[in-house]
Amino acid sequence: MTRIAGQRMRILGKPVHFLLPLMLAGAVLLAVSAQAADFKWLTISGKIRSESGSIFYTAGDMAATPGTEIVTSTPWTTGKTVFRGALLRDILKDVGASGKLLKVSASDGFTVEIPVADAEKYDVILAYKMNGEWLERGVYAPFWVIYPFDAHKELADRKFYARAIWQVTDIVVE
């Protein structure tokens, strides 16, 4: 029998204590539903191998693959930053990409073009973590294209900085 403020609680003649697990489960489902409503994923489409025309990845999907870390400075962060993500070339291989150009779009509609050759030549990643933390929603998440800027002198250039798009939600292979 559950007591609230010294009173025994009964609903339809049954003690209330059986409702507590149900109420907790309902609260958890509401919290998960609220998070899922604003959750974003990556859609890859275009010249890929897919029966439905698109392939979808969540940050969890990316984290389940062998990840790569890049320690580099960027114009947007202070000092050396540790980024963790999946190699872009591995993702393109996994989806059977056959194009030469990627049109990469952010959740705010900003779009950049990245040559597939960049992913083949450099260890470009789709980062989902920065300094051990998941990318922050509304700032960089769900994914951020990161080049190993400090590893190759030629990458310290506006052309490559412009390709380091964050809030990535779509890639079209052309």
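1. Let's start with one residue: T169 is buried, at a relative accessible area of 10% (buried means under 20% relative accessible area, exposed over 50%, partly exposed in between, with a 1.4 Å probe and protein chains only). T169 belongs to strand β14, residues 168–173; helices (H or I, at least four residues) and strands (E, at least two) are DSSP runs, numbered from the N terminus.

2. Before going on, a word on what you're looking at. This is a predicted model, in which local features need pLDDT of at least 70 and side-chain atom pairs count only at pLDDT 80 or more, while totals for chains, interfaces and linings use all residues. Residues are numbered from 1 along each chain as its sequence is written, and side-chain values use heavy atoms, with hydrogens and water left out.

3. How confident is the predictor? The protein chain averages a pLDDT of 84, and 78% of the residues score at least 70; pLDDT is the predictor's confidence in each residue, from 0 to 100. Two stretches need care. Over residues 1–12 pLDDT stays under 50, and the model has 19 contacts beyond four places in sequence for them (contact means heavy atoms within 4.5 Å). Residues 22–38 also stay under 50, with two such contacts in the model. Where pLDDT is low, the predicted coordinates should not be read in detail.

4. Now the overall picture. The protein chain holds five helices and 14 strands. Of its 174 residues, 37% count as buried. About 10,300 Å² of the protein chain is exposed, and carbon and sulfur atoms supply 57% of that area (accessible areas come from the Shrake-Rupley method with a 1.4 Å probe, and for residues only the protein chains shown count as cover). Take the contacts between residues at least 6 apart in sequence: 60% of them join residues at least 24 apart.

5. Back to T169 and its surroundings. Its side chain makes a polar contact of 3.1 Å with the side chain of D170. A polar contact is a pair of N or O atoms within 3.5 Å; within protein, one must be able to donate a hydrogen and the other to accept it, and residues adjacent in sequence count only if both atoms are side-chain atoms. Not counting residues up to four places away in sequence, T169 touches K40, W41, L42, T43, S105, A106, S107 and P142.

6. In which order do the strands of the five-stranded open sheet come? The order is β6-β5-β14-β9-β10, and the pairing is mixed (two strands pair if DSSP finds at least two bridges between them). β6 (54–57) and β10 (111–115) are at the edges with a single partner strand each, so one side of each has no neighbour in the sheet. From one strand to the next, the twist averages 20°; axes are lines fitted to C-alpha atoms, for helices over the stretch in contact, and angles run from 0 to 180 degrees between N-to-C directions.

7. Look next at the β5 end of that pairing. Strand β5 (residues 42–46) joins β6 in the antiparallel sense over four bridges, and S45 stands opposite S54 in β6. T43, in strand β5, is buried at a relative accessible area of 13%. Leaving aside neighbours within four places in sequence, T43 is in contact with S54, I55, F56, T169, D170 and I171. As for β6, I55 and Y57 make up its covered face, and S54 and F56 the uncovered one.

8. Another pair worth a look is β7 with β8. Strand β7 (residues 68–72) has alternating side chains: T68, I70 and T72 point to one face and are buried, whereas E69 and V71 point to the other and are not. Five bridges join β7 to β8 (residues 81–87), and the two run antiparallel. V71 has V82 as its bridge partner in β8.

9. Is I70 buried or exposed? I70 is buried, with a relative accessible area of 6%. Beyond four places in sequence, I70 touches T81, V82, F83, D123, I125, I146, Y147 and P148. The C-alpha atoms of I70 and D150 are 9.4 Å apart, though their positions lie 80 residues apart along the chain.

10. V82, by contrast, counts as partly exposed, at 27% relative accessibility. Leaving aside neighbours within four places in sequence, V82 is in contact with E69, I70, V71, K129, M130 and N131. V82 and K129 are 47 residues apart in sequence and 8.2 Å apart in space, C-alpha to C-alpha.
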